[in-house]
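Subject: Structure for you to look at

Hello,

Here is the structure I promised. Please open it first, then read my notes below.

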Amino acid sequence: MASAARSCARHRWGEPQRTTYETVRTCQRCGLERVTRHEPDRLPWVEFRAQGVTAIGYRGTPPCVPRREAGPTSTGVALEGRRHG
Ligand SMILES: [Zn+2]
């Protein structure tokens, strides 16, 4: 329950939604999903999903880039241009 209210380019995670092996929290600013996977016989790990697509290749947390509202060209390719490296 440590809630440090820092607002510096960090994600603003909403309420965690737990399923059997996952805990999903969605950023209220950019819509990124932080998924904590906890499966039996494994150590838990964290994945990040943007609009249903798992962001593979990140080590650590992807940057929080708030979506622009009323964007006519927002076609769900938010990660397309940021996958370099
Ligand atoms: Zn965010």
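What is the order of the strands in the open sheet, and with what pairing? The order is E1-E2-E3-E4-E5, and the pairing is antiparallel. That makes an open sheet of 5 strands. E1 and E5 (53-54) stand at its edges. Each has a single partner strand, so one side of each is left without a neighbour in the sheet.

Please keep in mind that this is a predicted model. The mean pLDDT of the protein is 78. Of its residues, 71% reach 70 or more. E1 has the highest confidence, at 97. E5 has the lowest, at a mean of 83.

The overall picture

There are 5 strands and 0 helices. Along the sequence the pattern reads β-β-β-β-β. The protein has 85 residues, and buried ones make up 7% of them. I also looked at contacts with a separation of 6 or more. Residues 24 or more positions apart account for 29% of those.

Strand by strand

Start with E1, which covers residues 17-18. E1 pairs with E2 (residues 22-26) in the antiparallel sense, over 2 bridges. The two form a hairpin, with 3 residues between them. Look for Gln17, which stands opposite Val24 in E2.

E2 also pairs with E3 (residues 32-37). This pairing is antiparallel too, over 5 bridges. Two places are easy to find. Thr23 stands opposite Thr36 in E3. Thr26 stands opposite Glu33 in E3. E2 and E3 form a hairpin with 5 residues between the strands. In that hairpin, Gly31 takes a positive phi near 85°.

Next come E3 and E4 (45-50). They run antiparallel and are joined by 6 bridges. Here Val35 has Glu47 in E4 as its bridge partner.

One reminder for when you turn the sheet over: in a regular strand the side chains alternate between the two faces of the sheet.

Two residues outside the strands

Is Glu15 buried or exposed? Glu15 counts as exposed, because it has 9 C-beta neighbours inside 10 Å; the cut-off for exposed is 12 or fewer. Glu15 is found in the segment before E1. Glu15 and Gln28 are 13 residues apart in sequence. In space they are 9.7 Å apart, C-alpha to C-alpha.

Where is Asp41 found? Asp41 is in the loop between E3 and E4. Asp41 has 4 C-beta neighbours inside 10 Å, so it counts as exposed. Its backbone deserves a look as well. Most residues other than glycine have a negative phi. Asp41 is not a glycine, yet it has a positive phi of about 65°.

To find your way around, begin at Gln17 in E1, opposite Val24 in E2. Cross to E3 at Thr23, opposite Thr36. Then go from Val35 to its bridge partner Glu47 in E4. Finish at E5, at the edge of the sheet.

Best wishes

Technical notes
Residues are numbered from 1 along each chain as its sequence is written. This is a predicted model: local features need pLDDT of at least 70, side-chain atom pairs count only at pLDDT 80 or more; totals for chains, interfaces and linings use all residues. Helices (H or I, at least four residues) and strands (E, at least two) are DSSP runs, numbered from the N terminus. A residue is buried if 20 or more other C-beta atoms lie within 10 Å of its own, exposed if 12 or fewer, and partly exposed in between; C-beta atoms are placed from the backbone. Two residues are in contact if their C-beta atoms, placed from the backbone, lie within 7 Å. Two strands pair if DSSP finds at least two bridges between them. pLDDT is the predictor's confidence in each residue, from 0 to 100.
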